[in-house]
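The following exercises concern a single protein chain. Please study the sequence and the structure before reading each worked solution.

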Amino acid sequence: MKLKKKNPKRIWIIIALILAVFFLVLLPLISLYVYNLVFGVRYQTDKEYMLYTEDFPGLIMERDEFTSNEGQKLAAYFYRREGYEPKGVVVMAHGIGGGGHNPYMVSANYFTENGYYVFAYDATGNDNSEGKAVGGLPQGVIDLDHAITYVEQNEKFAGLPVFLFGHSWGGYSVTSVLNQHPEVTAVCSVSGFNESSDLLQAEGKNMIGPAIYLLIPYVNLYEKIKFGNYSSQTGMDGFEKSDAGVMIVHSSDDDTVPIQYGYDIYYGKYSTDSDFVFVKYDDMGHSRILSMEENPELMEKVVEFFDGYVDR
């Protein structure tokens with residue numbers, strides 16, 4: 001009895017089909033699943049840690065709202081103090097994972113104590129704003145784009161220079177949004193990153209290890225389909241389009257947004273540019289860097305930096 005020879009052509013067809021299913025079906029589904037684990041949810045500030053206007057004597061807050069890209073209403077907050085002639089308005093963009101702007105009221109209060117109006121808001125899918133979920137990192141840039149437009153068209157802020165202040169997700173947003181708003185006077189990015197895929201890669205490595213490198217191309221494609229040009233624009237792109245003053249702040253021990261994804265990229269190109277200021281720490285992590293108790297000098301530096309651009 002003769003044994004049938006294996007058909008090498010059939011074997012290669014089977015291998016090709018397996019690879020096609022893996023790369024065209026399985027990996028895209030896994031990528032979408034991982035992406036939605038992080039961005040397919042809402043985030044609320046823990047009630048135990050909520051801050052209130054009463055915690056800051058003399059601080060005045062007026063509630064407001066504006067509309068973002070899909071008609072969702074975003075809760076906004078106008079902070080000020082009596083007796084100050086405003087130097088400008090600081091638009092604040094918060095980080096991701098802890099809810100909306102509330103944890104950053106300490107920074108907002110400091111700006112008002114130093115003569116600035118503050119316009120803060122809860123991004124899509126956070127705290128008091130509409131949205132079933134955050135959606136993705138580029139949504140932060142989109143929301144900030146709409147916030148700046150709203151501020152520039154609001155009579156309360158007429159004639160005032162516009163400054164941007166953001167931390168983490170907000171740090172990425174305030175640099176990237178310069179692509180839409182090159183007219184902004186000055187920007188401070190704290191613990192930020194240059195582009196969306198940077199943080200996806202950093203966080204993905206923490207979640208699933210080196211396997212994230214297989215998923216990144218699919219995640220990037222998904223963001224491109226969902227967010228268009230917002231998904232691929234970067235802080236570096238924004239700097240090239242704007243004459244805004246830029247302050248970049250980071251800590252080398254930041255394990256949430258590693259310093260090489262933001263600060264190092266910017267420093268490599270702009271360290272000798274007179275419109276750029278770089279502030280580097282070694283032991284302030286990702287969030288402690290903004291603590292008024294542990295690092296009060298930072299907000300002093302930010303205000304001093306903004307003050308230098310008020311008359312421009």
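**Exercise 1.** Determine how many residues lie between β1 and β2 in their hairpin, and which residue in the turn has a positive phi.

*Solution.* Step 1: β1 and β2 form a hairpin with five residues between them. Helices (H or I, at least four residues) and strands (E, at least two) are DSSP runs, numbered from the N terminus. Step 2: in the turn, Gly71 has a positive phi of about 85°. Step 3: β1 covers residues 60–67 and β2 covers residues 73–80, and the two pair in the antiparallel sense over eight bridges; two strands pair if DSSP finds at least two bridges between them. Step 4: Arg63 has Tyr77 in β2 as its bridge partner.

This is a predicted model, in which local features need pLDDT of at least 70 and side-chain atom pairs count only at pLDDT 80 or more, while totals for chains, interfaces and linings use all residues. Residues are numbered from 1 along each chain as its sequence is written, and side-chain values use heavy atoms, with hydrogens and water left out.

**Exercise 2.** State which strands pair with β4, and in which sense, parallel or antiparallel.

*Solution.* Step 1: strand β3 (residues 89–93) and strand β4 (residues 117–121) run parallel and are joined by four bridges. Step 2: within this pairing, Val90 has Val118 as its bridge partner, and Val89 stands opposite Tyr117. Step 3: β2 pairs with β4 in the antiparallel sense, over four bridges. Step 4: here the bridge partner of Tyr79 is Val118.

**Exercise 3.** Establish which residues of β3 and β4 are buried on each face.

*Solution.* Step 1: buried means under 20% relative accessible area, exposed over 50%, and partly exposed in between (1.4 Å probe, protein chains only). Step 2: in β3, Val89, Val91 and Ala93 are buried on one side, and Val90 and Met92 on the other. Step 3: in β4, Tyr117, Phe119 and Tyr121 are buried on one side, and Val118 and Ala120 on the other. Step 4: both faces are thus covered in β3 and in β4.

**Exercise 4.** Explain why the buried residues of α8 line one face of the helix, and identify elements that cover them.

*Solution.* Step 1: α8 spans residues 263–270, and Tyr263, Tyr266 and Tyr270 are buried in this helix. Step 2: seen down the axis of α8, its buried residues fall within an arc of 75°, so they line one face; the arc is that of the directions from the helix axis to the C-beta atoms. Step 3: the cover over these residues includes α4 (169–176), α7 (235–241), β7 (245–251) and β8 (276–281). Step 4: in α4 itself, eight of eight residues are buried, among them Trp169 and Tyr172.

**Exercise 5.** Decide whether Ser189 is buried or exposed, and name residues in contact with Ser189.

*Solution.* Step 1: Ser189 belongs to strand β6 (residues 186–190). Step 2: Ser189 counts as buried because its relative accessibility is 2%. Step 3: contact means heavy atoms within 4.5 Å. Step 4: leaving aside neighbours within four places in sequence, the contacts of Ser189 include Gly171, Tyr172, Val174 and Thr175, as well as Met247, Ile248 and Val249.

**Exercise 6.** Describe the protein chain as a whole: how many helices and strands are there, and what share of its residues is buried?

*Solution.* Step 1: the chain has nine helices and eight strands. Step 2: buried residues make up 52% of the 312 residues. Step 3: the C-alpha atoms fill a box of roughly 105 × 40 × 35 Å, taken along the principal axes.
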